Number of protein chains: 2
Amino acid sequence: MIENNQVYLQALGKQAKQASYSLACLNGSQKQGLLKAIAVSLTEQSELIIAANAKDVIAAKANGLNDAMIDRLLLDEVRLKAVIGDIDNVINLTDPVGTELESQLLDNGLRLSRRRVPLGVIGVIYEARPNVTVDIAVLALKTGNAVILRGGKETLQSNLALSEAIRSAITSQGLPADCVQLIQSPDRSLVSGLLKLDNYVDMIVPRGGPNLQRLCAEQATIPVILGGIGICHLYADKDANIEKSLDVIANAKVQRPTVCNALDTTLVHQDIAEVMLPKLYQKLAALGVSFYACDRAEAIAKKLGVTVETATEDTYAQEWLSLTLGIKVVDDIEGAISHIRTYSSGHSEGILTDNIHASAHFINQVDSAAVYVNASTRFTDGGQFGLGAEVAVSTQKLHARGPMGLEALTTYKWIGVGEYTPRS
Amino acid sequence: MIENNQVYLQALGKQAKQASYSLACLNGSQKQGLLKAIAVSLTEQSELIIAANAKDVIAAKANGLNDAMIDRLLLDEVRLKAVIGDIDNVINLTDPVGTELESQLLDNGLRLSRRRVPLGVIGVIYEARPNVTVDIAVLALKTGNAVILRGGKETLQSNLALSEAIRSAITSQGLPADCVQLIQSPDRSLVSGLLKLDNYVDMIVPRGGPNLQRLCAEQATIPVILGGIGICHLYADKDANIEKSLDVIANAKVQRPTVCNALDTTLVHQDIAEVMLPKLYQKLAALGVSFYACDRAEAIAKKLGVTVETATEDTYAQEWLSLTLGIKVVDDIEGAISHIRTYSSGHSEGILTDNIHASAHFINQVDSAAVYVNASTRFTDGGQFGLGAEVAVSTQKLHARGPMGLEALTTYKWIGVGEYTPRS
């Protein structure tokens, strides 16, 4: 069985690499045509796709998945239409492939340029939501990449139907169907195998929780883009405008608590804690937020009769994804920076202050993908940043950091043109 | 012992990360001052360094290392002066840190910019040559990074003396000595441990042979920049100018055969093989080159009375690093591209042709860091490309590809500045 998996994955990899060479030849309008064909094919096969999804839903219910999980994997007509509609947005994005990043005539006689090219083959491992199958396939093809998809077992039927619709559209354009391949077995050892397919796969993007990210970091021999885990902080400085800060904190916490850029811990300078925290407790409790507070913040809560849990190292290290907020009183800005360095996942942090020096110091010393001054952490998003699309949010520092747009699916190639020029 | 190693490495990592925060605050002229102090310190401690190197040389001789190996690790007064002289070049390079790559006012009210910042902590694993200790430390500091160095055991005494000279210079500038740390034990398990120090180390650069590269790809949980292995090809197309092509091939093979951008295999279109190969054998044999040839190329050699070895899959997959050349006759350009896809390490390949269509097709379809038209593969080099310095030559596609200059030691940070702005 394990040997069979090896053979299966090697074939998948080889086919993907071969397909990627065809994609590398396409110009922008050919890729637009391909994406249009995919939208048409998905529309034509809507009924099949929705029927396949219904099987996943039935199986999920039989397996006792909760309502929230079932809602995540549901693909009805309205949702499928929205997924297909999103393809139009990607069609209209500028294709980064082919751009010359620089070009110069070197003293040695060589005309040297650096040209943006597709990465080649991208492996994407994701959980639950079947829309990712379409999103990622479309973004990969838009940038001339082949893709190997590995979705969650709960959506296997949906993903099969979606990927078949995509593959038939690819074939209709005279391209190899293997530009998009889906791993068709739920066997977990296939994930480990995919992570070691370094002969064929150029980049792995895991879209899922901490366990998946860790698995990829530990097992992959292919470069992995880690991300999507946000333990996010806002620090209210002693020179913060308290009322306005509360609005930003509330926005960061409650606007959409289940996503990675939602606020997890608020740090408050001790000089303003006595004034700010009572207002914060009142405002956020009214919005349904519950709290894990440090000793000093807990003492203030007690005086008000607000119930809080006691914050610990573990709770500070938690990505809440819910209406829960950590609160800590810090001595000064260095205390805030030090806390962030200890507990942040490197996603999004912000300072709330009217002081230009505190702002500059915070920007310089906080080492996260996105650092804000007087703004909500909720802005860390490909759409908000004007990238047009979002492949993932990277919390590592190589290749791409923060929201990843189309450029993150490309690399560059140095091209040197001479006149039969030797190196002297 | 293994537990002790863990504690030792954790301390090293923590110190490096802490030191990196101080480096992130420096402006360009402060970093120039730091590098000047290092040059002065190395000059002052020249005698100690040369004496330490002598110990390494004596030990190497006692351990039976060959003359070439001993020459590689030798650091005499002349060589040390050259290493120190190179620091001046780095001092004069433009510091990429702090540049704003883009800055825009978003519709949501946020002023968003992307600022180039140091990576943080870089781990470098290298073999033999002690000059790497100085080169890498200086490049890392120039870009505001802390570095953890792991040199070869053959040069441990030299590296200790060099790193102590560097550390005392760092201290003299009021900075933490741990900006540069050397792993002081030859214990190999420390390499594996370093590769998993993902809490503290942001990037690993292995500078060594295929075994080291493979070890890093397999064991690291930190992003690794693979590179430095060049199985390089030149393809003489049917429309090549034969005489001029021979000059380029000779240059690529013999100018400096021991480096990664030297030519390994020449591919020759069948239409010109009968004319070109006899000249090629004659010209290169006279330069001391020996050959591994395919059947067709071997038949031509036999007619001339030239002795060649028979090429195999293994010899095509070999990085020669010597005056050896693989030769293969291919049916057409597709045959050449297919051979390159099978055997190339993704470093440097070139086409020799007068045909503009063949040139464009080759550039598009060959997926290597550097692709040449009518030029020697020997150009793939940070100095030749005008990068000023070379950290390594990357053969992977993420973050940096081909010769890596100072920018490859940086990342970027998104900075969003609002007016207490929530996301709507």
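In the predicted model, the contact between the two chains draws on 79 residues from chain B and 79 residues from chain A. The size of an interface is often given as the accessible area lost when the parts come together. By this reckoning chain B and chain A bury about 6400 Å² between them, with 52% of that area lying on carbon and sulfur atoms. On the side of chain B, the residues that lose the most area to chain A are Trp414(B), Tyr420(B) and Arg423(B), which together account for 16% of what that side buries.

Polar and charged interactions also cross the interface. Between chain B and chain A, 54 residue pairs are found in polar contact, both residues of each pair being at pLDDT 80 or more. The elements of chain B that contribute two or more residues to the side touching chain A include the helices α1 (2-23), α9 (210-219), α10 (242-254) and α15 (356-365), as well as the strands β2 (111-118), β13 (370-375), β15 (402-404) and β16 (410-421). Of these, β16(B) gives the most, with eleven residues. Sorted by class, the side of chain B that touches chain A comprises 36 nonpolar, 25 polar and 18 charged residues. Six salt bridges are found across the interface of chain B and chain A; in the one formed by Arg214(B) with Asp198(A), the closest N and O atoms are 2.9 Å apart.

Strand pairing likewise extends from one chain to the other. Strand β13 of chain A, residues 370-375, is joined to β16(B) by five bridges, and the two strands run parallel; within this pairing, Ala370(A) stands opposite Trp414(B), the latter being one of the residues of chain B that lose the most area to chain A. The pair belongs to an open sheet of ten strands with mixed pairing, in the order β10(A)-β9(A)-β11(A)-β8(A)-β7(A)-β12(A)-β13(A)-β16(B)-β2(B)-β1(B). At the edges of this sheet are β10 (309-310) of chain A and β1 (100-105) of chain B, each of which pairs on one side only. Elsewhere in the sheet, four bridges join β9 (residues 290-293) of chain A to β11 (residues 324-330) of chain A in a parallel arrangement, with Ala293(A) standing opposite Ile327(A) in β11(A).

As to the architecture of chain A, the domain assignment gives domain 1, made up of 2-226 + 399-417, and domain 2, spanning 232-384. The centres of these two domains of chain A, taken over C-alpha atoms, are separated by 36 Å.

Definitions and conventions: Residues numbered from 1 in each chain as written. Chains lettered and ligands numbered in written order. Predicted model: local features only at pLDDT ≥ 70, side-chain atom pairs only at ≥ 80, totals over all residues. Heavy atoms only, no water. Contact = heavy atoms within 4.5 Å. Buried area = accessible area lost by both parts, 1.4 Å probe. Salt bridge = Lys/Arg side-chain N within 4 Å of Asp/Glu carboxyl O. Polar contact = N/O pair within 3.5 Å; in protein donor to acceptor, adjacent residues only side chain to side chain. Nonpolar A, V, L, I, M, F, W, Y, C, P; charged D, E, K, R; others polar. Pairing = 2+ DSSP bridges. Domains from an automatic or database assignment.
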